[in-house]
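Student: Hi, could you walk me through this one? I'd like to go over the fold and then pick at a few spots.

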Amino acid sequence: MTDAGGRDGVSILVFSTEKISDPAIDLAGLLKQHYPPTVDTISVPCSGGIKPRWIMRAFERGFDGVFIAADGTDCPYGESCAEKTAEIVRRTQEMMKERGMDPARLRMAAICSVCSETFVKMVTSLTDALAGARKQT
């Protein structure tokens with residue numbers, strides 16, 4: 001049985017950035033764009049500063065998936081933010097494989113300050129994929 005908005009209770013933690021992706025998430029709310037209510041956000045200054053251990057801790061604490069709403073090339077803290085964030089995701093997915101976890105539970109995309117629809121699509125897609133994977137097990 002599927003619950004009303006949580007896709008069988010799938011929980012997602014979003015790391016978002018203060019200057020770039022947070023405004024997009026706020027805009028999604030202002031425009032009443034719906035995404036699963038089991039999405040929680042943590043705001044960070046720059047996605048390039050996220051630590052793999054923070055992501056792994058989220059999984060240990062029971063989150064089914066983690067989405068990094070990255071700055072991309074718009075990061076005010078450095079031009080290499082996108083590359084740093086991609087490397088963080090790659091290293092974390094390796095850690096996940098070593099622990100027998102599905103690396104698809106971690107996703108990243110650049111979310112600009114007006115990319116509310118993209119944000120909604122990304123977290124909804126991740127939630128649906130995790131709910132589908134849960135049904136297969």
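Tutor: Happy to; we can start with the sheet and then move to the helices and a loop residue.

Student: What should I know about the model before we begin?

Tutor: This is a predicted model: local features need pLDDT of at least 70, side-chain atom pairs count only at pLDDT 80 or more, and totals for chains, interfaces and linings use all residues. Residues are numbered from 1 along each chain as its sequence is written, and side-chain values use heavy atoms, with hydrogens and water left out.

Student: OK, in what order do the strands sit in the sheet?

Tutor: The order is S2-S1-S3-S4, four strands in an open sheet with parallel pairing. Helices (H or I, at least four residues) and strands (E, at least two) are DSSP runs, numbered from the N terminus. Two strands pair if DSSP finds at least two bridges between them.

Student: Which strands stand at the edges?

Tutor: S2 and S4 do, and each has a single partner strand, so one side of each has no neighbour in the sheet. On average, neighbouring strands of this sheet are turned by 20 degrees against each other, direction ignored. Axes here are lines fitted to C-alpha atoms, for helices over the stretch in contact, and angles run from 0 to 180 degrees between N-to-C directions.

Student: How many bridges join S3 to S4?

Tutor: Five, and the two strands run parallel. Ile-68 has Met-108 as its bridge partner in S4, while Phe-67 has Arg-107. S1 and S3 also pair in the parallel sense, over five bridges, with Ala-69 of S3 as the bridge partner of Ser-16.

Student: Is S3 buried or exposed?

Tutor: Mostly covered: six of its six residues are buried, where buried means under 20% relative accessible area, exposed over 50% and partly exposed in between (1.4 Å probe, protein chains only). Gly-65, Phe-67 and Ala-69 point one way from S3, and Val-66, Ile-68 and Ala-70 point the other way. In a regular strand the side chains alternate between the two faces of the sheet.

Student: Switching to helices. How long is H4?

Tutor: H4 covers residues 116-136, which is 21 residues, and reaches 30 Å from its first C-alpha to its last. That is close to the 30 Å expected at 1.5 Å a residue, the expected span being 1.5 Å times one less than the number of residues.

Student: Which residues of H4 are buried?

Tutor: They are Ser-116, Phe-119, Val-120, Val-123, Thr-124, Leu-126, Thr-127, Leu-130 and Ala-131. Seen down the axis of H4, they fall within an arc of 160 degrees, so they line one face of the helix. The arc is that of the directions from the helix axis to the C-beta atoms. On the other side of H4, Glu-117, Lys-121 and Gln-136 are exposed.

Student: And what do the buried residues of H4 pack against?

Tutor: Strands S1, S2, S3 and S4, along with helix H1; contact means heavy atoms within 4.5 Å. H4 lies across S1, S2, S3 and S4 and runs at about 165 degrees to S3.

Student: Now H2, please. Which residues of H2 are buried?

Tutor: Pro-52, Ile-55, Met-56, Ala-58 and Phe-59 are buried in H2, which spans residues 52-60. They cover an arc of only 150 degrees around the axis, which puts them on the same side of H2. The face turned away from that buried side carries the exposed residues Arg-53 and Glu-60. What covers the buried residues of H2 includes S1, S3, H3 and S4.

Student: What comes after H2?

Tutor: H2 is followed by Gly-62, whose phi is positive, near 110 degrees. Asp-64 lies in the loop between H2 and S3.

Student: Ah, Asp-64. Is Asp-64 buried or exposed?

Tutor: Asp-64 is buried, with a relative accessible area of 17%.

Student: What does Asp-64 touch?

Tutor: Not counting residues up to four places away in sequence, Asp-64 touches Gly-9, Val-10, Ser-11, Phe-59, Arg-105, Leu-130 and Arg-134. A polar atom of the Asp-64 side chain lies 2.8 Å from the backbone nitrogen of Ser-11.

Student: Last one: which residues of H1 are buried?

Tutor: Ser-21, Asp-22, Ala-24, Ile-25 and Ala-28. They cover an arc of only 165 degrees around the axis, which puts them on the same side of H1. Asp-26 and Leu-30 are exposed on the other side of H1. The buried residues of H1 pack against S1, S2, S3 and H4.

Terms used: Polar contact = N/O pair within 3.5 Å; in protein donor to acceptor, adjacent residues only side chain to side chain.
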